[in-house]
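Trainee: I've got this one open on my screen and I'd like a close look at its core. Pick one spot in there, please, and walk me outward from it.

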Amino acid sequence: VLFREHLQFLPSDVQAATGLATSLILQDEWLPAIEALRGFRHQHPTDAIIAATLANALEHWGRPLEAEACYHAATLLDPDNYSIAAAWLNAPQAHPQPVAEALMDGARRFAVSGVWEQTVVAETKERLTILWILGVRSSAAERQALAHALAAFDPTRARMIGVGPLPLVHGYNTPFQTAFDHWVDIHDMDLLTLQIVLAAQQADVIIDVAGMTTPDTVLALGTRLAPVQLAWPSLPHLPHDGYSGRVSDHWSDPVPAADGLPIYALEHGTALILRPEIEVPAERGDDRLCFGADAEFLHLHPRQVRLWAEILNAQPNARRLLEIFGDHGLGGRVDVFYDSSLDGFVRQIDVLLQPAPSGSLDMAVHALAAGVPMVVAVEPLCSNNPVHSLLHHLGLAEACVAADERDYVTKALSWVNEPARRQAFADQAQQALAGPVFDFAARGADLQALITQAWADAVASSPVES
């Protein structure tokens, strides 16, 4: 309301225009945001931020080609704005035709050697200072799981520093309040200040968990602020040479990447999330197999809808339960599910169809807890997919992870008329969920061992030790 009133008095105020659009987006009012932004684009055709904000809204509304055009316009208007470039670097994860390699190659021009330069040397020591850069996109269950794993670190061997764009007392960071010895709020810091502040922490190891969601920290790590700088989750191509390695697993990154960086593999996979407690539902009393898909508009590109339509058309008695969006031409075969509870959603379905290229980790673990089998697609350019990693380390990848589009359809239809097989999967999932993947003491030890190995490698390669 305040933004609208301000724009009535001063229609040319770009800050108020982007503020109105952002407030609408935060309320999931995507279409009103798009309509407003299109009007602002006509008023301010040379403003890159408005163009980029419109691109973001179009991407989430399921208009990837229009979004790509707006992102392209934004980068032409402000080619040195890394935040705009980073927003589009995130978009290929939901784009029907990923172009991640070309985009990451283009991003390397932002990789300054470092506004702040310092010499960092790895030396043998008993207690490491480990700095964690956290973003703001993971789910609450993922944040709590990471906090549990970090709290399991041996404090005699690790001093823990957290870094993020919100204060530690913010509700978003509540899970981390016992995980760190010190917290650094980097909100609104310019690049030079950010590099100086990060360097001042005198960290031995920096783990970048945020990635492209906090583009300024990616730029800041273009120079070595610590002897060891690891990217987790990693992208197929990192935008500069400041990183010394990747945190991944042998399932997500079976061979070394083209950039030659070492891969430090987590024994139990890259997926870290709380295990939900869901009572396995009884039979619904409906003889139609119910496929479920938790998807946003950005997943409704022609390739994905075609696959789902092919699955439904192959089984006349099947129906699909879709959360968030409507039937998109599939008529009475589709129901819309409005319950915001993931528990409620997975209780209504027989098979979960995760959208390509990457489905929700939250939804995947809820489906497994309810004993619901799923099908997910492999996308080569989406490295380090936590859903794929989770299924592999639970021993369920063979049944759930499709090698290509044809295999996606085949695996989905393989669950039809197989109630005994679906029950066997539910039993196997329950046993797997009780294993070490959800043992956060074990996950913390796994992380600490990985960091110790990365530090040992840095010491071995240090000129001081040679």
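Mentor: Let's start at Leu-391, and keep in mind throughout that this is a predicted model. Skip the neighbours within four places in sequence, and Leu-391 is in contact with Leu-368, Met-374, Val-376, Leu-396, Ala-397, Cys-400 and Val-401. Hang on to two of those names, Leu-368 and Cys-400, as we'll come back to both.

Now put that spot in its setting. Leu-391 belongs to the largest nonpolar core, a set of 53 residues, and together with Leu-368 it has the most contacts inside that core. The element that gives the most to this core is helix α13, residues 361–369, with seven residues. There is also a second, separate core of 34 residues, with Val-205, Tyr-264, Ala-454 and Val-459 among its members.

Follow Leu-368 back into α13. Nine of the nine residues in this helix are buried, so α13 is largely enclosed by the rest of the structure. Try clicking along it: you'll pass Leu-361, Asp-362, Met-363, Ala-364, Val-365, His-366, Ala-367, Leu-368 and Ala-369, and each is on the buried list. Notice that Asp-362 and His-366 are in there along with the Leu, Ala, Val and Met residues. As a reminder when you look down the axis, an α-helix has 3.6 residues a turn, so residues three or four places apart point the same way.

The two ends of α13 deserve a look as well. At the N-terminal end, Ser-360 acts as the cap, with a side-chain oxygen 3.3 Å from the backbone nitrogen of Asp-362. Just after the helix comes Gly-371, with a positive phi of about 75°.

Next, step back along the chain to Gln-354, which sits in the loop between β11 (351–353) and α13. Is Gln-354 buried or exposed? It counts as buried, because its relative accessibility is 1% and the cut-off for buried is under 20%. Leaving out residues up to four places away in sequence, Gln-354 touches Gln-304, Gly-359, Ser-360, Ala-364, Met-374, Val-375, Val-376, Val-387 and Tyr-408. That list takes in the cap residue Ser-360, and it includes Met-374 and Val-376, both of which also turned up in contact with Leu-391.

Back to Cys-400, then. Its relative accessibility is 0%, so Cys-400 counts as buried. Cys-290 is buried too, also at 0%. If you're wondering about disulfides, a search of the whole structure finds zero.

One more buried patch, this time with rings: Phe-176, Phe-180 and Trp-183 are linked into a cluster by ring pairs. Phe-176 and Phe-180 make a tilted pair, 5.8 Å centre to centre with 35° between the planes. The rings of Phe-180 and Trp-183 also have their centres 5.8 Å apart, and with the planes at 50° this pair is tilted as well. Each of the three is buried: Phe-176 has a relative accessible area of 3%, Phe-180 is at 9% and Trp-183 is at 13%.

Finally, zoom out to the whole chain. It has 18 helices and 13 strands, and buried residues make up 53% of its 466 residues. Of the contacts with a separation of 6 or more, 64% are between residues 24 or more positions apart.

Definitions and conventions:
Residues are numbered from 1 along each chain as its sequence is written. This is a predicted model: local features need pLDDT of at least 70, side-chain atom pairs count only at pLDDT 80 or more; totals for chains, interfaces and linings use all residues. Side-chain values use heavy atoms; hydrogens and water are left out. A nonpolar core is a set of buried Ala, Val, Leu, Ile, Met, Phe, Trp, Tyr and Cys residues joined through side-chain atoms within 4.5 Å. Buried means under 20% relative accessible area, exposed over 50%, partly exposed in between (1.4 Å probe, protein chains only). Helices (H or I, at least four residues) and strands (E, at least two) are DSSP runs, numbered from the N terminus. Contact means heavy atoms within 4.5 Å. A disulfide is a pair of cysteine sulfur atoms within 2.5 Å. A polar contact is a pair of N or O atoms within 3.5 Å; within protein, one must be able to donate a hydrogen and the other to accept it, and residues adjacent in sequence count only if both atoms are side-chain atoms. Rings of Phe, Tyr and Trp (its six-membered ring) pair if their centres lie within 6.5 Å; planes under 30 degrees apart count as stacked, over 60 as edge-to-face and the rest as tilted.
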